[in-house]
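Student: I would like to learn how to read a structural model feature by feature, beginning with charged side chains. Could you take me through the general idea each time, and then the case at hand?

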Amino acid sequence: MTDPAGRDAQSVFSGVREVDPGMEVDAAALEAWLQGAVADYAGPLSVRQFNGGQSNPTYELTTPTAAYVLRRKPPGTLLPSAHAVDREYRVISALFAQGYPVPRPFALCMDEGVIGSVFYVMEKVEGRILWDLKLPGMEPGQRRAIYEAQLDTLAALHAFDPETIGLADFGRPGAYFDRQVSRWSRQYRASETGCVPAMDRLIAFLPASLPPERPTSVIHGDFRLDNMILAPDGARVRAVLDWELSTLGDPMADLAGLLTAWVLPETLRNGLAGADLSTLGIPTSGEMIERYARQTGRRPHNLDWLYAYSLFRLAAICQGIAGRVRDGTAASPHAITMAAQVEPLSAEAWRYARRAGAD
């Protein structure tokens, strides 16, 4: 996967940079807060911004003896219910207590007066974030092990009983896809920058063709390979990141979101469609489904509808980025490229909607 300038995804998204204009934080005010909120904190503090991430700006905080990560809401006017970093903090706190691989949460700050928006601080987990789904430079066995570890980590998440781990009220029970289609339709309309006929058709079709209800699980909402930190020298998942979209809902939404990579062309958000999976050693989508079913007893039905929904949601997310580009609040210089994917993603979503029965 490369960007329009020909750079590979690993180069584009890895590492840190100086903080973008408009995304600065008051380091002195932040340090004063850290001294009171984080045990054993000792400055002086250095702040840089991570290259990855489109939604919530994410910063590396370093001191002479420790490193932390700060996630914040973007500054400026935001879409309703978006960028809920307080929800991120709550879910990773609950999961960390269960031994699930997430960063250790340190503190949440709801006082916007400190750096200009709500934020939280967690540990910086060392390891690898892999941005190119074809995993260049690896052996076939290494690739398969990484994809199987990703799937196993998802299945482990869906095994938790929300009530048992203190998340019974983390989302509303039932009608998950109905609420999600409605939410992303509203978000799309709120950030709309032009007419995209495929999105209009999807907004009409999806709520009229909802799948049957499934038992509720804690779901991540964006369970992608690049939202994980892997061990430096193996396939073990050390931390799952980016819980902004987490809630209680249908676990098939997470599974379909993971599997969407297999139907996306490389030109659309780093897809695997058309890749020689056998030579690469990457499991097929069918193998991933079977592995998930063995561990959970659950199996997706009407995959075409699930793909249509997942692609529609991706298009709506990209439209939200397009709206922030327009408003000057986008969190990444790569955002313009992401915004340009709304039309091709929606066209691909409509193709699967037609396979699922849309006229």
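Student: How exposed is arginine 299, and what does its relative accessible area say about it?

Tutor: The model is a predicted one, and within it arginine 299 has a relative accessible area of 36%, so it counts as partly exposed, since that class lies between the buried limit of 20% and the exposed limit of 50%. Its side chain meets that of glutamate 290 in a salt bridge of 2.5 Å, N to O, and glutamate 290, with a relative accessible area of 35%, is partly exposed.

Student: How many salt bridges does a search of the whole structure find?

Tutor: The search finds 17. One of them joins the side chains of arginine 291 and glutamate 148, at 3.6 Å from N to O. This pair links distant parts of the chain, because arginine 291 belongs to helix H9 (residues 285–296) and glutamate 148 to helix H4 (residues 140–158), 143 residues apart, with each helix taken as a DSSP run. Glutamate 148 counts as partly exposed at 22% relative accessibility.

Student: Where do glutamate 348 and arginine 351 lie, and how many residues apart are they?

Tutor: Both lie in helix H12 (residues 342–355), three residues apart, which is about one turn of the helix. They form a salt bridge whose closest N and O atoms are 2.8 Å apart. Glutamate 348 is buried, with a relative accessible area of 14%, whereas arginine 351 is partly exposed at 38%. Elsewhere, salt bridges that share partners join Arg144, Glu148, Asp152, Glu287 and Arg291 into one network.

Student: At what angle do H4 and H9 pack, and which residues meet there?

Tutor: For a helix pair, one reads the distance between the axes, the angle and the handedness together. H4 and H9 pack at an angle of about 40°, with their axes 10 Å apart, and H4 passes H9 in a right-handed crossing. On the H4 side the contact involves Arg144, Tyr147, Glu148, Gln150, Leu151, Asp152, Ala155 and His158, which meet Glu287, Met288, Arg291, Tyr292, Gln295 and Thr296 in H9.

Student: How do the axes of helix H6 and H12 cross?

Tutor: The axes of H6 (residues 197–205) and H12 come within 9 Å and cross at roughly 40°. That makes H6 oblique to H12, because the angle is neither under 35 degrees nor within the range of 65 to 115. H6 passes H12 in a left-handed crossing. The contact is made by Ala198, Met199, Arg201, Leu202 and Phe205 of H6 with Ser346, Ala347, Ala349, Trp350 and Ala353 of H12.

Student: What is the order of the six strands in the open sheet?

Tutor: With a sheet, one follows the order of the strands, then the pairing, and then whatever packs on it. Here the order is S1-S2-S3-S4-S6-S5, with antiparallel pairing, and S1 and S5 (105–109) are the edge strands, each pairing on one side only. S5 and S6 (residues 119–123) pair over four bridges, with alanine 107 opposite valine 121 in S6. Helix H2 (residues 27–37) packs on the sheet, touching S2, S3, S4 (67–72), S5 and S6, and its direction makes about 125° with that of S5. Helix H3 (residues 85–97) lies across S4, S5 and S6, running at about 155° to S5.

Student: Which residues stand opposite glutamine 49?

Tutor: Glutamine 49 in S2 stands opposite arginine 17 and also opposite tyrosine 59 in S3. S1 (residues 16–17) and S2 (residues 46–50) pair over two bridges, while S2 and S3 (residues 58–62) pair over four.

Student: Why do a positive phi and a cis peptide bond deserve a second look?

Tutor: Most residues other than glycine have a negative phi, and most peptide bonds are trans, so departures from either pattern are worth noting. A cis peptide bond joins glycine 43 and proline 44, with omega about 5°, and proline 44 is found in the loop between H2 and S2. Aspartate 242 has a positive phi of about 60° although it is not a glycine; its place is the loop between strand S9 (237–240) and strand S10 (247–249). Asparagine 302, also not a glycine, has a positive phi of about 50° and lies in the loop between H9 and helix H10 (303–327).

Terms used. Residues numbered from 1 in each chain as written. Predicted model: local features only at pLDDT ≥ 70, side-chain atom pairs only at ≥ 80, totals over all residues. Heavy atoms only, no water. Pairing = 2+ DSSP bridges. Salt bridge = Lys/Arg side-chain N within 4 Å of Asp/Glu carboxyl O. Buried < 20%, exposed > 50% of the residue type's maximum accessible area, 1.4 Å probe, protein only. Axes fitted to C-alpha atoms, helices over the stretch in contact; angles between N-to-C directions. Parallel < 35°, antiparallel > 145°, perpendicular 65-115°, else oblique. Left-handed = near helix turned anticlockwise from the far one by under 90°. Contact = heavy atoms within 4.5 Å.
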